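Student: I would like to go through the labels attached to this model. For each one, I want the value and the cut-off behind it.

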Amino acid sequence: MLELLELKKSYSQPDGSALPVLDIPEFRVDAGEQMAMVGRSGCGKTTLLHTIAGISRPDSGEVRVDDWDITLFTEAECDRFRAQRIGYVFQTFNLLSGFSALENVMISMRFAGQTDRQRALHLLDRVGLGHRTGHKPTMLSVGEQQRVAVARALANQPKLLLADEPTANVDSGNQQQVLDLIRDTCREEEVALVLVTHTPEVSDQFERVDRLEEFNQVAVAK
C-alpha cells in the first residue's frame, strides 16, 4: 500500500546551504496494516507525513501509494489523488472556520467527488459530536476540533490514513475513544494506518512501532 524508496528531503537554510531532513532507503506499510511511528522532537516525523501525502515534495526518491508513485504527479493531480485515497489528521486541525463541523466533513467529501451526508453524520456521532454538527470551529473546544478533524480524515474511505498526534489535543476522557475510532474504522475498511505519536500509552497499543531515527539515515548520521 505504501512504499518509500531512496527518499531524500532537505530544506534550504538562510545561508543557502541544504539542511538534510530525510534520507530513507526503504519503508513499507502493507494494505490494512496499522503502525505507530515514534521519535524525538525534530527528527522529521511531520515532514515525512507531509511527503507521503504529497503536501511536500521530496528532493529525490519514490513515494508509492496504492501502486502510484505520487512524485510523478503534477500538483493538481497530487491534490486529487490525496482527496480520493489519503486521509490526513493534521496536528493543527486545518478546519475551515466559516463552516460547521458537518460542513467541514462534507467539504472534504466534495473534493473527492462524494456527498455522503449520512456517513459524515455517522462519523461525527462516533467521535461524540452528534449534538454539535452545526457548530463552527470557534464554538468548539480544542479537543472537539480535533475530533472533527478525525471524522473529516475518514470521510472519503481512504486507502491510507496518516495521523499526526491525533490524541494530543483531545482531553484524557476522550483520547481512547478517538484512538479506537481511528483504528476500528481502519480495520473495518482495510485502511492502512501510519500514526505519529510521542505518547507511550498510544504507541504501546500497536503491534508495530517504528522509531524514525532507526531508519532515517539523516538521524542515524547524527
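Student: At what angle do H4 and helix H5 pack, and how far apart are their axes?

Tutor: This is a predicted model. In it, the axes of H4 and H5 (residues 142–154) lie 9 Å apart, at an angle of about 140°.

Student: Why is H4 called oblique to H5?

Tutor: Roughly antiparallel needs over 145 degrees, and roughly perpendicular runs from 65 to 115. About 140° fits neither range. That makes H4 oblique to H5. The crossing of the two is right-handed.

Student: Which residues make the contact of H4 with H5?

Tutor: H4 supplies Arg-119, Leu-123 and Leu-124, while H5 supplies Val-148, Ala-151 and Leu-154. By class, that gives five nonpolar, no polar and one charged residues.

Student: What makes H3 and H4 oblique to each other?

Tutor: The axes of H3 and H4 (residues 117–126) cross at roughly 130° and come within 10 Å. The perpendicular range ends at 115 degrees, and antiparallel starts over 145. The value lies in between, so H3 and H4 are oblique. Their crossing is right-handed.

Student: Which residues of H3 and H4 make that contact?

Tutor: On H3, they are Ala-101, Leu-102, Val-105, Met-106 and Met-109. On H4, they are Arg-117, Arg-119, Ala-120, Leu-121 and Leu-124. The classes come out as eight nonpolar, no polar and two charged residues.

Student: Now the loop before H3. Where is Leu-96 placed?

Tutor: Leu-96 sits in the loop between strand E6 (86–89) and helix H3 (101–111). Beyond four places in sequence, Leu-96 touches Asn-104, Ile-107 and Pro-137.

Student: Why is Leu-96 called partly exposed?

Tutor: Its relative accessible area is 39%. Buried requires under 20%, and exposed requires over 50%. Leu-96 meets neither condition, so it is partly exposed.

Student: How do you know that Thr-185 counts as buried?

Tutor: Thr-185 has 1% relative accessibility. The cut-off is under 20%, so Thr-185 is buried. It is found in helix H6 (residues 172–188).

Student: Which residues is Thr-185 in contact with, leaving aside its neighbours within four places in sequence?

Tutor: The contacts are Arg-119, Arg-126, Leu-154 and Asp-180. Arg-119 also belongs to the contact of H4 with H5, on the H4 side. Leu-154 belongs to that contact too, on the H5 side.

Student: What makes helix H1 largely enclosed by the rest of the structure?

Tutor: H1 spans residues 45–53, and seven of its nine residues are buried, so the helix is described as largely enclosed. The buried residues are Lys-45, Thr-47, Leu-48, Leu-49, Thr-51, Ile-52 and Ala-53. Gly-54 follows H1 and has a positive phi, near 85°.

Student: Which residues other than glycine have a positive phi?

Tutor: Glu-6 is one of them, with phi near 50°. Glu-6 lies in strand E1 (residues 2–12). Asp-67 is another, with phi near 75°. Asp-67 is found in the loop between strand E4 (60–65) and strand E5 (68–69).

Student: Why does Asp-67 count as exposed?

Tutor: Asp-67 has 71% relative accessibility. Exposed means over 50%, so Asp-67 qualifies.

Student: On to the rings. How many aromatic pairs does the structure hold?

Tutor: There are four aromatic pairs.

Student: Why is the pair of Trp-68 and Phe-73 called tilted?

Tutor: The ring centres are 6.0 Å apart, and the planes meet at 55°. Pairing needs centres within 6.5 Å, so these two rings pair. Stacked needs under 30 degrees and edge-to-face over 60, so 55° is tilted.

Student: What makes Tyr-88 and Phe-90 a stacked pair?

Tutor: Their planes are 15° apart, and their centres 4.1 Å. Stacked means under 30 degrees, so the label follows.

Student: Are the residues of these pairs buried or partly exposed?

Tutor: Trp-68 is partly exposed at 43%. Phe-73 is buried at 17%. Tyr-88 is buried at 6%. Phe-90 is buried at 18%. The cut-off for buried is under 20%, so Phe-90 meets it.

Student: Which residues form one aromatic cluster?

Tutor: Trp-68, Phe-73 and Phe-81 form it.

Definitions and conventions:
Residues numbered from 1 in each chain as written. Predicted model: local features only at pLDDT ≥ 70, side-chain atom pairs only at ≥ 80, totals over all residues. Heavy atoms only, no water. Helix = DSSP H or I, 4+ residues; strand = E, 2+ residues; numbered from the N terminus. Buried < 20%, exposed > 50% of the residue type's maximum accessible area, 1.4 Å probe, protein only. Contact = heavy atoms within 4.5 Å. Axes fitted to C-alpha atoms, helices over the stretch in contact; angles between N-to-C directions. Left-handed = near helix turned anticlockwise from the far one by under 90°. Nonpolar A, V, L, I, M, F, W, Y, C, P; charged D, E, K, R; others polar. Parallel < 35°, antiparallel > 145°, perpendicular 65-115°, else oblique.
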